[in-house]
Amino acid sequence: MSDARAHILARLRTVSLQPPVAVEPEAPPAPALDQAKKVAQLKQRMEAMHAEVILTDRRDWLSALKTALRCRSLNGLLYAPHTAIGAALAEVWEDGLPPLVPYEQSVEDCKEQLFNIDAGITSTQGGLADVGALILWPTPDEPRLMSLAPAVHIAVLEASKIHPSLTDAILQEHWAEGMPTNALLISGPSKTADIELVLTFGVHGPKELIVLVLDDC
Amino acid sequence: MTEIAVDFPKNFKKALGDGQLRRNLRAAMDTLGMRRRTLFSDVEAFEKLRERGDAIRQRALRQLPELLERLEQKCTENGIQVHWAETPAEANAICLDIIQRHHATRVIKGKSMVSEEIHLNHFLDERGIEALETDLGEYIIQLEHETPSHIIVPAIHKNRDQIATLFHEKIPNTPYTEVVEELNAIARQVLREKFFAGEIGVSGVNFAVAETGTLCLVENEGNGRMCTTAPPVHIAIMGIEKVVEKLEDVPPLLRLLTGSATGQLITTYFNMISSPRKPGEKDGPKEVHLVLLDNGRSKIWADPDLRHTLKCIRCGTCLNHCPVYTRLGGHAYGYVYPGPIGSILTPQIEGLKNAGAMATASTFCGACEEVCPVKIPITDILRRLRNESYDKDETAHSVKDHGYKLNATESLTWKGWAFSNATPWINALNAKLLGVIGPQLPKLPAVGIIKQWGQSRALPSFATKSLHVLAKEKGIRDE
C-alpha cells in the first residue's frame, strides 16, 4: 500500500466537525402496474428511443425473428449456442436466413469476426417499464460483446420479467447480494447529440435494437 | 500540472466578441434547458427527488472514509485492483505504470472529466503513448487540440460547419460534409478500428457503489462500453467523492443525472462493472484497475460548508442555466471545470491566487442553485470564496491563498470609510465635498481603478445635496 492511501484516509479521519444528518425523504412507492401496462409502457418508451419492439409469444417469436431478419440484408447472426435461445435457433434455422455464427471462443481468438458480423441475438435478465430499458447480465455462455459489437442487436425479453423501475429490480432480485462481472441497462440503439445537439442514432454501439417481447412468459 | 496565469478579462472579452461562439452556445443552452424542464415538469415530484439526491450524497460524504475502505475491500474481493493517488502526478504515474507493464502504446478513452483534471492525455502523449478520445465530442476537440468547453457536451462551442472543416482537414481522405449523420458515420468508422486495436481502455466513473464494489458508467454512444469491454485492460479513474453507500442509492441519482444533463429519462447505456473477466468468461478486460484521486478533495471535505461542493454528480446543468457561462462558454474560464460548479470547485483545488477570479464570474442570480439536482449551495460557496480572498486570518479550513486580494490601498480606503462614518463632522464635510466634486467626476478622464470599474458600468452622478441636508431643509427632525 502506498503512502497516498494512508495520507488520504488520515486527512478524512481528522475531521472535528460533521454537518448535521440530512433528512432523507422516503422513495415514492412504485406504481402497481399489471403486465400488460408494463409491456405497453416499455414498448412506448423504447420506441421513442428508436428501438423496434415486437410483441410476440413463445409460439411465434421465431417466425417474428425470421421476418425481421429477412427484411434486412445481414452477413450473419452471432448467437450463444449453449443457451435456451441458442438451442431453439439452431433447431429451426433454415436457408435464406443470415447464417448462425456461434460465440464459442474467447475474444482474443475471434475479435475480427465479432467486429465484422452484422447482427447478434441475446436473452435479457429483465426490463424496466418506467424508463423503457432492458436489463442484461452477460454470462460465460452469452458474453458482453454480443450486444455491443454487431450493428444490429436483437434481444429477447420475457414480459413477466419487466419491473416497474430500477429500484424495484435491484430489491426484488437482491442485486446487492452479488453483482455479475457486468450488468447493463440498454434503452435503445447507440446515439449521440454531440454535434449541435442533433440526435443521431448508431454511433459506436449497435445502430439498431430489435426487442422481441414474449408476452406469455 | 496546474494551469497558471489565466487572463480572465482578456478571455472574457475574446469570448464575448466571438459572435459565432455566442450563437452556437445560445442555441444549445436553450435546448438543453428546455429538455430538462420538459422531463422534470412535475415540479413537486422533482423537488422530492432532489431532496433525496441531496440526502443520499450527504449520507455518502458523511461516511466517506469508511465507504472508501469498503469500496476498496469489495473491489479487491471482486478482483479489481485499487490504487490511491493524492495528486494528479501520482494518478498519471499509476496509469503509466499499468500501461508500461503491458507494453501498450494504444490507449482508448471514454469520456472522463477527472482524466481531464489530471491532464492524462498530455502526460501520455509526452511519453509516446497515444491516448485517443472516443466520445464523439471529445474526439472532435482532440482533433483540434482543444479542451472540453462543457462537462457533458464537450464540443458544444463548435457548429457543424466547423466540424466538417476539421474532419476534412484532419482525417485523411475525408470529403467535406455538413450532414451530421455523415460526420457521425466518419467518426464511427475511424474509431471502430481503434476499438478493435486498443490495448488499454480508460474511463471515468459516475458512481462507485461501496456495498458491492460496482463501478457505474452512464453513456449514450457505446464508446464507454467499448473502452471497458474490448481491450484486455481497463483503468477507471474517479475522484474520491464519487462513492455511494448502496446499490439502491443509484436509481434516484441516475434519474437526476440524466434528466438534469440532457433531459433524458435514461441514457442508452448504464454500464455496471463489478469485476474483471472471470474464468470461463469469453470477453471483458482481464485486469480492471480503479484509481482513487484526492487532488484537494479531502481538504474540501473537512469543511462542513465547502463539503457541499463534493455532492456534485457532474450533470452540467448549472452551466446550461448560468447567464455568465451561456455567454462565455467553457474555454474563457481557463480551467477544466467551467461554469458555476467550476467556479466553486477550481479555486478550492488550484488555490485562490490562480483561480479565485472564477468566483467573481457570477451575477449571484442563483439560477444554478435552483436547478442543481443535489442542491449544492453554490452562491453561498461563491460568497465564501470571495470573502476568503480578502481574509488573511488563518483557520483550519482556510482556502489556499486566502487573503491574496487584500492590499494596502483597499484596506486604507475601507478604514477611512469606517472612520468617516463614525465621526459626524467628517461625514458632514465629506458629504459637502462630494456634492461639489461629485458632479465633476464623470467629466474627468477615467483612469486607473475608476476606468476599470467604469468599463462595463455607467459611473454614478452625485447629487449636489446629500440626503442629510435635504432632510434638514424640509424640517425633518434630525436625531
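## Contacts across the interface

Between chain B and chain A, 44 residue pairs are in polar contact, with both residues at pLDDT 80 or more. The model is a predicted one. Helix 10 of chain B, residues 180–197, supplies the largest share of the side of chain B that touches chain A: ten residues. By residue class, that side of chain B divides into 40 nonpolar, 23 polar and 30 charged.

How many residues of each chain take part? In chain B, 93 residues are in contact with 79 residues of chain A. The size of an interface is often given as the accessible area lost when the parts come together. Here chain B and chain A bury about 7,600 Å² between them. Carbon and sulfur atoms account for 58% of that area.

## Salt bridges

Charged pairs also cross the interface. The rule finds eleven salt bridges between chain B and chain A. One of the salt bridges joins the side chains of Glu66(B) and Arg13(A), at 3.9 Å from N to O.

## Strands paired between chains

Strands of a sheet pair through backbone hydrogen bonds, either parallel or antiparallel. Which sense applies between the two chains' strands 9? Strand 9 of chain A (residues 182–186) and strand 9 of chain B (residues 269–273) run antiparallel. Five bridges join them. Within this pairing, Leu184(A) stands opposite Asn271(B).

## The sheet of chain B

Chain B has an open sheet of six strands. The order is 1-10-7-4-2-3, and the pairing is parallel. Strand 1 (81–85) and strand 3 (130–133) of chain B are the edge strands, each pairing on one side only. From one strand to the next, the twist averages 25°.

At one edge, strand 1 of chain B pairs with strand 10 of chain B (residues 287–293). Five bridges hold this parallel pairing. Gln81(B) has His289(B), in strand 10 of chain B, as its bridge partner.

A helix covers part of this region. Helix 4 of chain B (residues 64–78) lies across strand 1, strand 7 (233–239) and strand 10 of chain B. Its direction is at about 145° to strand 1 of chain B. Glu66(B), of the salt bridge with Arg13(A), falls within the residues 64–78 of this helix.

## The sheet of chain A

Chain A also has an open sheet of six strands, paired in parallel. What is the strand order? In chain A it runs 1-12-7-4-2-3. The edges are strand 1 (52–56) and strand 3 (100–102) of chain A, and each pairs on one side only. Neighbouring strands of this sheet are turned by 25° against each other on average, with direction ignored.

Inside this order, strand 4 (residues 119–123) and strand 7 (residues 152–158) of chain A run parallel, joined by five bridges. Thr122(A) is matched with Ala155(A), its bridge partner in strand 7 of chain A.

Conventions. Residues numbered from 1 in each chain as written. Chains lettered and ligands numbered in written order. Predicted model: local features only at pLDDT ≥ 70, side-chain atom pairs only at ≥ 80, totals over all residues. Heavy atoms only, no water. Contact = heavy atoms within 4.5 Å. Buried area = accessible area lost by both parts, 1.4 Å probe. Salt bridge = Lys/Arg side-chain N within 4 Å of Asp/Glu carboxyl O. Polar contact = N/O pair within 3.5 Å; in protein donor to acceptor, adjacent residues only side chain to side chain. Helix = DSSP H or I, 4+ residues; strand = E, 2+ residues; numbered from the N terminus. Nonpolar A, V, L, I, M, F, W, Y, C, P; charged D, E, K, R; others polar. Pairing = 2+ DSSP bridges. Axes fitted to C-alpha atoms, helices over the stretch in contact; angles between N-to-C directions.
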